[in-house]
Amino acid sequence: MKTTPEASQPVPVKSRLSRPRLATSPRLTETRKSTIHGLGLFACSNYLPNARVIEYVGVEIDKQESSRRCQAGNDCIFHLDGQRDIDGNVEWNPARFINHSCAPNCEAELIDGRIWIIAKRLIRAGEEITFNYGYDLDDYQDYPCRCGSPAPLGYMVASELSDYLRIKLQTSTPY
Ligand SMILES: [Zn+2]
């Protein structure tokens, strides 16, 4: 009987225990070059609507540390509760590569104190995973969007603000 190298190779207990769980699981997502921006996260399998695609992990920080890091330009911080936020700008969080889209296929949800990226519709293997970053209108010019969705607004703003910004942009056009 053929044994897998995994089973036949003796491995120090310490290294087995410290090995991240994801390393031995089938890859469900992968990071590669995106047409939206830089690197993106892509589905390696199909996902049904409402499926949990990936957890957004990171380090827990208090609100004071959070605003310090936000001001320093960290765009990977998520609200967790009244006291704590999650800074996902860590090497072990592949979800930090997920790009914004104005017509996203996922959304971030807080479930039992953990942040999950949830499929909003059927996602096919090979599709780029996206969600709406939900930015407000402060400094929207600093966040141009190249998601290429059918009705592009040109900026990464929360979906509930997009109509407002569209009207604002139309009326402030100088010609
Ligand atoms: Zn967009």
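1. In this predicted model, an open sheet is built from three strands, arranged in the order β3-β9-β8 with antiparallel pairing. At its edges lie β3 (52-56) and β8 (106-111), each of which pairs on one side only. From one strand to the next, the twist averages 30°.

2. Within this sheet, the contact between β3 and β9 can be described further. Strand β9 covers residues 114-119 and pairs with β3 in the antiparallel sense over four bridges. One position in this pairing may be located by residue: E55 has W116, in β9, as its bridge partner. As general background, the strands of a sheet pair through backbone hydrogen bonds, in either a parallel or an antiparallel manner.

3. A further set of pairings involves strand β6, which comprises residues 84-87 and runs antiparallel to strand β4, residues 59-62. Four bridges join β4 and β6. The reader may find this pairing at D62, whose bridge partner in β6 is R84.

4. Strand β6 also pairs with strand β5, residues 77-79. These two strands run antiparallel and are joined by three bridges. Here I77 stands opposite D87 of β6. The connection from β5 to β6 is a hairpin of four residues.

5. To follow β6 in the structure, the two ends named above are convenient guides: R84 is the bridge partner of D62, and D87 lies opposite I77. When side chains are inspected, it may be recalled that in a regular strand they alternate between the two faces of the sheet.

Note on methods:
Residues numbered from 1 in each chain as written. Predicted model: local features only at pLDDT ≥ 70, side-chain atom pairs only at ≥ 80, totals over all residues. Pairing = 2+ DSSP bridges. Axes fitted to C-alpha atoms, helices over the stretch in contact; angles between N-to-C directions.
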